[in-house]
Amino acid sequence: MRVLILCAGIGEGHLTVARSLAADLSARSDVEAVELRSDLGVLGERLGSFLTRGFELHLDQLGWSYELAYRLFFERKLGRKLGQLALAALGGRALRRTIAASGADVVVIDYPLLSAALGELRLAGRLQVPLCSSILDPAGLYYWAHPGIDLHLLAWPQSVAEVERIAGPGRAAAVRPMVDRRWLQPPDRAAARALLELPERAPVVVVSGGGWGVGDLSGAVSIASMAVPEAVVVCLAGHSERKRAQLAAAHHGDERVRVLAFTDRMPELLAAADLLIHTTGGTTAFEAWLVGCRLINYGTGPAHVRAHARALESWGLGVRAPDRSALGPAILRALSAEQPLPLALDGLPDAAALIAGLSRGEPARGSGQGLARGTRPVAELGARLVAREEQRQSRQPHLIQHK
């Protein structure tokens, strides 16, 4: 069996899942090769570059433009469908060429735009290779989930209902965590604090803005320091050197505040922490649940981040603090509450095993169902649009970027 994994280096969480799956699949005796592509160049060089630069600009500098795009192409049914068809039409030829070159027996996707594009191609009958979408987001799963995807692997068991509402019944399975294996055996609190040279008894609060360091991190640090004067606050700026420098300057001389760039010691850090204040709510929120760390989702957040925060609060796995005035009281309530129980892993199937079964033609989760009913007219429309765009592109020089 040959497996192709497609993701994008936009946000560290996508790469975390992709690397974990690649390692688990490579360890299987029935897997001959695993190829991991972590760039949107699989959609074509021009489209991939446009989307990558666009996300960086939207999230890091503009903000409002990402919100507008989300409202137009995600929340509205017509806009959502047009967006998915456009992705398949513009990127379909490059995607099918990439898959053919890999010789893959199954394709695993870990990025929503890629899931939507490939789902449309499969629904339209232009792709025969089975597709599997691995999802670490808790909610807001349009584009992640699609009726053309054969199987959706979910980190959050609570997300099954949303995925099956979008993609159809029997298309979703909650699986063992698709994360670094260190998360499954984290050190205890005392050992973690010793490893990180953190005080043994003082409260430890971690502030994180995800891989890009987004959100009001400086405000979160200041309010946490005021609400709990004896606490040590560790702030993570991710890969944003600009944000790290701003935070270091703003809190220079405060021995209670430690500012870090991107770190690979998150299992130890969250095992040592009493509380995580997070501004994005995706992968890091799930990792907090794995080790039983209290969680506050801070800020209104762009687009899908709000859906994450609402879902986690409704599941009793996090507290929402939409602004600075709400954050201080939320910190005191969270620290006085009992520490949550870690995610129970018993009975959850292995993601790599389900992917291997899909490549052998085994029914997705035993449902035996084909593509969701009621989608054929839309699929035929999508096929015509995709074919028309591919004919146009075939007359132009075309490049695919490989990494």
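In this report a residue is called buried when its relative accessible area is under 20%, exposed when it is over 50%, and partly exposed in between (1.4 Å probe, protein chains only). The model is predicted: local features need pLDDT of at least 70, side-chain atom pairs count only at pLDDT 80 or more, and totals for chains, interfaces and linings use all residues. Residues are numbered from 1 along each chain as its sequence is written, and side-chain values use heavy atoms, with hydrogens and water left out.

**The two sheets**

Helices (H or I, at least four residues) and strands (E, at least two) are DSSP runs, numbered from the N terminus. Two strands are said to pair if DSSP finds at least two bridges between them.

One open sheet consists of six strands in the order β2-β1-β3-β4-β5-β6, with parallel pairing. Its edges are β2 (33-37) and β6 (172-174); each has a single partner strand, so one side of each is left without a neighbour in the sheet. Neighbouring strands of this sheet are turned by 20° against each other on average, direction ignored; axes here are lines fitted to C-alpha atoms, for helices over the stretch in contact, and angles run from 0 to 180 degrees between N-to-C directions. Between the parallel strands β5 and β6 there are three bridges, and Leu 153 has Ala 173 in β6 as its bridge partner. Helix α4 (residues 77-102) packs on the sheet and touches β1 (2-7), β2 and β3, where contact means heavy atoms within 4.5 Å. The direction of α4 makes about 145° with that of β1.

A further open sheet of six strands, also with parallel pairing, has the order β9-β8-β7-β10-β11-β12. Its edge strands, β9 (257-260) and β12 (319-321), each pair on one side only. From one strand to the next, the twist averages 20°. Strand β7 (residues 204-208) runs parallel to β8 (residues 232-236), and five bridges join them. Val 206 stands opposite Val 234 in β8.

**Helix α14**

Helix α14 comprises residues 351-359, and its buried residues are Ala 351, Ala 352, Ile 355, Ala 356, Gly 357 and Leu 358. These pack against α1 (12-26), β3 (106-110), β4 (131-135) and β5 (151-154). Asp 350 caps the N-terminal end of α14, with a side-chain oxygen 3.3 Å from the backbone nitrogen of Ala 352. After α14 comes Gly 361, whose phi is positive, near 85°.

**Salt bridges**

Side chains of opposite charge can pair when their charged atoms come close. A salt bridge is a side-chain nitrogen of Lys or Arg within 4 Å of a carboxyl oxygen of Asp or Glu, and by this rule the count comes to 16. Three of them are listed below.

| Salt bridge | N to O distance |
|---|---|
| Asp 39 and Arg 37 | 3.3 Å |
| Arg 71 and Glu 75 | 3.8 Å |
| Arg 244 and Glu 241 | 2.8 Å |

Asp 39 and Arg 37 are both buried. Arg 71 and Glu 75 lie four residues apart in helix α3 (residues 64-75), about one turn of the helix. Arg 71 is partly exposed, at 41% relative accessibility, and Glu 75 is partly exposed at 42%. In helix α9 (residues 241-250), Arg 244 and Glu 241 are three residues apart and thus separated by about one helical turn. Arg 244 counts as partly exposed at 24% relative accessibility, as does Glu 241 at 46%. Salt bridges with shared partners also join Arg 28, Asp 30 and Arg 360 into one network.

Notes: A polar contact is a pair of N or O atoms within 3.5 Å; within protein, one must be able to donate a hydrogen and the other to accept it, and residues adjacent in sequence count only if both atoms are side-chain atoms.
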